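Colleague: I am new to this structure and would like a close look at a single part of it. Could you choose one strand inside the main sheet and take me through what surrounds it?

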Amino acid sequence: GLPGRPINMSMIARLSLDQYDRMIEHGVFDRQPRQRLEFIRGEIREMTPIGPQHEEVVDRLTSWSARVLPEDGIRLRVQNSIGIPELESAPEPDVAWVIERDYSRQRPSLGDVLLIVEVAASSLAYDTGEKAGLYAAAEIGDYWVIDLENRWVEVRRDPAAGRYRSMRTYSGDDEVRPLAWPEAVLRPAMLFGAGTD
């Protein structure tokens, strides 16, 4: 996850997700080289660039997910959007597990999302604050934040009334199991340090 700074588009107040999608379709953002954007509560946000540690942890999460996921039924998405039209949002989590289907015509929506993981260093306040509130309001049942600073995994569950009622922290060799696929075990130590496991 990355801190969301609203882009300066003063002629636009609030957009709908449909309007944002039409802007993408018409190439509005094509002239911005390597600019990462996400759409949160009607605002286009510019995502800050990510550093090597962030990239490494996303790579390790991706490898772990690919190893542990069943061959059918659940698809891994890396830094791709999910659609929350109810909240005029299309966040781009670092890792998402979604129900396997063809998403070429529309993003995975709330009923498709099984797990969201954000990797956070400078974006920690955003990912555990506004982003957590967004995902809780969207009733995402399993939301993990990988805290690079503290080298732990915060697991938020049981969303109600726009907040998570459960938050647990796992570190070292603790076992974290996704609700959607409890056979899968992640140990935070696998994400940090020199080894790949």
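Modeller: What follows is a walk around strand 7, beginning with the chain as a whole and then moving outward from the strand to its neighbours.

Please keep in mind throughout that this is a predicted model. The protein chain contains 4 helices and 9 strands, and, read from the N terminus, its elements follow the order β-α-β-β-α-β-β-β-α-α-β-β-β. Of the 197 residues in the protein chain, 47% are buried. If one takes the contacts between residues at least 6 apart in sequence, 57% of them join residues at least 24 apart.

The sheet that holds our strand is an open one, made of 6 strands in the order 4-5-6-7-8-9, with mixed pairing. Its edges are strand 4 (74-78) and strand 9 (163-171), and because each of these has a single partner strand, one side of each is left without a neighbour in the sheet. On average, and with direction ignored, neighbouring strands of this sheet are turned by 20° against each other.

Strand 7 covers residues 142-147, and 6 of its 6 residues are buried, so the strand is largely enclosed by the rest of the structure. In a regular strand, side chains alternate between the two faces of the sheet. Here Asp142, Trp144 and Ile146 point one way, while Tyr143, Val145 and Asp147 point the other way, and all of them are buried.

Which strands pair with strand 7, and in what sense? Strand 6 (residues 113-120) runs parallel to strand 7 and is joined to it by 5 bridges, and in this pair isoleucine 116 has tyrosine 143 of strand 7 as its bridge partner. Strand 8 (residues 152-160) pairs with strand 7 in the antiparallel sense, over 6 bridges, with valine 145 standing opposite glutamate 154 of strand 8. The hairpin formed by strand 7 and strand 8 has 4 residues between the strands, and in this hairpin arginine 151 takes a positive phi near 55°.

Further along the sheet, strand 4 and strand 5 (residues 95-99) run antiparallel and are joined by 5 bridges, and leucine 76 has tryptophan 97 of strand 5 as its bridge partner. Helix 4 (residues 130-137) packs on the sheet, where it touches strand 6, strand 7, strand 8 and strand 9, and its direction makes about 120° with that of strand 9.

Helix 2 (residues 52-68) also meets our strand, for it lies across strand 4, strand 5, strand 6 and strand 7, running at about 25° to strand 5. This helix has 17 residues and reaches 24 Å from its first C-alpha to its last, close to the 24 Å expected at 1.5 Å a residue. Its buried residues are His54, Val57, Val58, Arg60, Leu61, Trp64 and Ser65. These residues cover an arc of only 160° around the axis, which puts them on the same side of helix 2. The buried residues of helix 2 pack against strand 4, strand 5, strand 6 and strand 7, whereas the face turned away from its buried side carries the exposed residues Pro52, Ala66 and Arg67.

Strand 7 and helix 2 come together again in the largest nonpolar core, since both are among the elements that give two or more residues to it. That core has 23 residues, and those with the most contacts inside it are Val57, Leu61, Trp97, Trp144, Ile146, Leu186 and Leu191. Besides helix 2 and strand 7, strand 5, strand 6 and strand 8 also give two or more residues to this core, and the largest share, 4 residues, comes from helix 2. Apart from it lies another core, of 20 residues, among them Ile82, Ala96, Ile116 and Leu134.

One residue of the larger core deserves a last look in connection with our strand. With its neighbours within four places in sequence left aside, leucine 186 is in contact with Trp144, and also with Leu61, Trp64, Asp174, Glu175, Val176 and Leu191. Arginine 187 is found in the segment after strand 9 and is partly exposed, with a relative accessible area of 31%. Leaving aside its own neighbours within four places in sequence, arginine 187 is in contact with Gly172, Asp173, Asp174 and Glu175.

Terms used
Residues numbered from 1 in each chain as written. Predicted model: local features only at pLDDT ≥ 70, side-chain atom pairs only at ≥ 80, totals over all residues. Heavy atoms only, no water. Buried < 20%, exposed > 50% of the residue type's maximum accessible area, 1.4 Å probe, protein only. Pairing = 2+ DSSP bridges. Axes fitted to C-alpha atoms, helices over the stretch in contact; angles between N-to-C directions. Contact = heavy atoms within 4.5 Å. Expected span 1.5 Å × (residues − 1). Arc of directions from axis to C-beta. Core = buried A, V, L, I, M, F, W, Y, C linked by side-chain atoms within 4.5 Å.
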